[in-house]
Amino acid sequence: MGAGSRDAPFTLNSGAEDQLIARGFKRNRAKTAFTWILTLLSGGILRLVFYWMDHWLLICTHSPCRPEDADQILLEDQFKQKFVCKVVTLTNEDSGRTGKHQSHSLGDDRGRPAPAIGFPEKNGYFRDVDRLRYFDDRKLRYIWNEETKGFQKLLGMDQDLDTEFLQTGQPLDEPESFRRRALYRPNIISISITPIIELLVKEVLLLCWRHFPDY
């Protein structure tokens, strides 16, 4: 990007089948307050619209910004589908948190101190950093690269490994395994069960949205 266009859209996975057009957004308090006032005046109807069109809510409450300053990312795929993704910043101070914060924490369930945050390099090595910014798009994670000043897809740990590393590699110690698990997430399949009441509410909202143009 050239000067004066730092808040312009940027491309992820350039040239690939899953290429995405992305743009960074940052919370605008004035726009947020005005939007919620309109929501109250509309009797909640505007919030119903935003429930199904979350990118409209993003545009109404946030302003375009440089990707390094963004707290939300708006993605558009080749089918013109739009997705809103929250940017998470993980710092060394956060790394010791446990419990409900453990999904982006480096500490273990016994509250022991964790190692420094790591940025993945080639051949399976990690570079220590003060903080790590990322966002998740469906099942994929994109991390911020300070050197290239852009987000990049987080590849598997088996990428760019040479045979020498595999032959001489040693089992990971406990702190290193915590650090990698924080970035790559636990190797488990989590199945959440949605309460029936929530399903009924969503179905009612969907019916209201489908019949909204008829009124």
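A residue counts as buried when its relative accessible area is under 20%, as exposed when that area is over 50%, and as partly exposed in between. Keep this rule in mind with F151, which has a relative accessibility of 8% and therefore counts as buried. The model in your viewer is a predicted one, and the tour below goes through it one selection at a time.

**The whole chain**

Begin with the whole protein in cartoon view, where you can look for six helices and eleven strands. Of the 215 residues in the protein, 30% are buried. If you consider the contacts between residues with a separation of 6 or more, 58% of them join residues that stand 24 or more positions apart.

**The helices α1, α2 and α3**

Select helix α1, residues 29-41, together with helix α2, residues 45-52. The axes of α1 and α2 are 6 Å apart, and the two helices pack at an angle of about 120°. Showing side chains will bring up the residues that make this contact, which are T35, W36, L38 and T39 on the α1 side and L46, R47 and F50 on the α2 side. Sorted by class, the contact of α1 with α2 has four nonpolar residues, two polar ones and one charged one.

Now keep α2 and add helix α3, residues 54-61, whose axis comes within 5 Å of the α2 axis and crosses it at roughly 115°. Here R47, V49, F50 and W52 of α2 meet D54, W56, L57 and C60 of α3. This contact has six nonpolar and two charged residues, with no polar residue.

While α2 is still on screen, select Y51 and W52, whose ring centres lie 4.8 Å apart and whose planes stand at 90°, so that the pair is edge-to-face. Are these two residues buried or exposed? Neither word fits, because Y51 has a relative accessible area of 34% and is partly exposed, and W52, at 30%, is partly exposed as well.

**The largest nonpolar core**

Hide the helices and select L12, I73, L75, F135 and F151, which touch the most other members of the largest nonpolar core, a group of 14 residues. Which elements give two or more residues to this core? They are the strands β1 (10-12), β2 (20-27), β4 (72-76) and β10 (140-145). A general tendency fits this view: in soluble globular proteins, nonpolar side chains tend to be buried together.

Centre the view on L75 and leave aside its neighbours within four places in sequence; its contacts then include L12, L20, I21, A22, F83 and F135, and also Q81, K82 and D137. A second core, separate from the one just visited, has ten residues, among them F119, V129, Y134 and I143.

**Rings, and charges over rings**

Select F135, Y142, W144 and F151, which together form one aromatic cluster. Within this selection, W144 and F151 make an edge-to-face pair, with 5.0 Å from centre to centre and 70° between the planes. W144 has a relative accessible area of 4%, so this residue is buried.

Next add R133, which lies over the face of W144 at 5.7 Å from the ring centre. Then move to Y134 and R141, where R141 lies over the face of the Y134 ring, 4.0 Å from its centre.

**Helix α5**

Select helix α5, residues 174-184, in which the buried residues are E176, F178, R179, R180, A182 and L183. To see what these buried residues pack against, add the strands β7 (117-120), β8 (126-129), β9 (131-137) and β10. After α5 comes R185, which has a positive phi near 75°.

**Two loop residues**

Finish with two residues in loops. N13 lies in the loop between β1 and β2, and its phi is positive, about 55°, although N13 is not a glycine. K80, found in the loop between β4 and β5 (82-86), also has a positive phi without being a glycine, here of about 70°. Which of these residues is buried and which is exposed? N13 counts as buried because its relative accessibility is 16%, whereas K80, at 58%, counts as exposed.

Terms used:
Residues are numbered from 1 along each chain as its sequence is written. This is a predicted model: local features need pLDDT of at least 70, side-chain atom pairs count only at pLDDT 80 or more; totals for chains, interfaces and linings use all residues. Side-chain values use heavy atoms; hydrogens and water are left out. Axes are lines fitted to C-alpha atoms, for helices over the stretch in contact, and angles run from 0 to 180 degrees between N-to-C directions. Helices (H or I, at least four residues) and strands (E, at least two) are DSSP runs, numbered from the N terminus. Contact means heavy atoms within 4.5 Å. Ala, Val, Leu, Ile, Met, Phe, Trp, Tyr, Cys and Pro count as nonpolar, Asp, Glu, Lys and Arg as charged, and the others, Gly among them, as polar. A nonpolar core is a set of buried Ala, Val, Leu, Ile, Met, Phe, Trp, Tyr and Cys residues joined through side-chain atoms within 4.5 Å. Buried means under 20% relative accessible area, exposed over 50%, partly exposed in between (1.4 Å probe, protein chains only). Rings of Phe, Tyr and Trp (its six-membered ring) pair if their centres lie within 6.5 Å; planes under 30 degrees apart count as stacked, over 60 as edge-to-face and the rest as tilted. A charge sits over a ring if NZ of Lys or CZ of Arg is within 6 Å of the ring centre and within 35 degrees of the ring normal.
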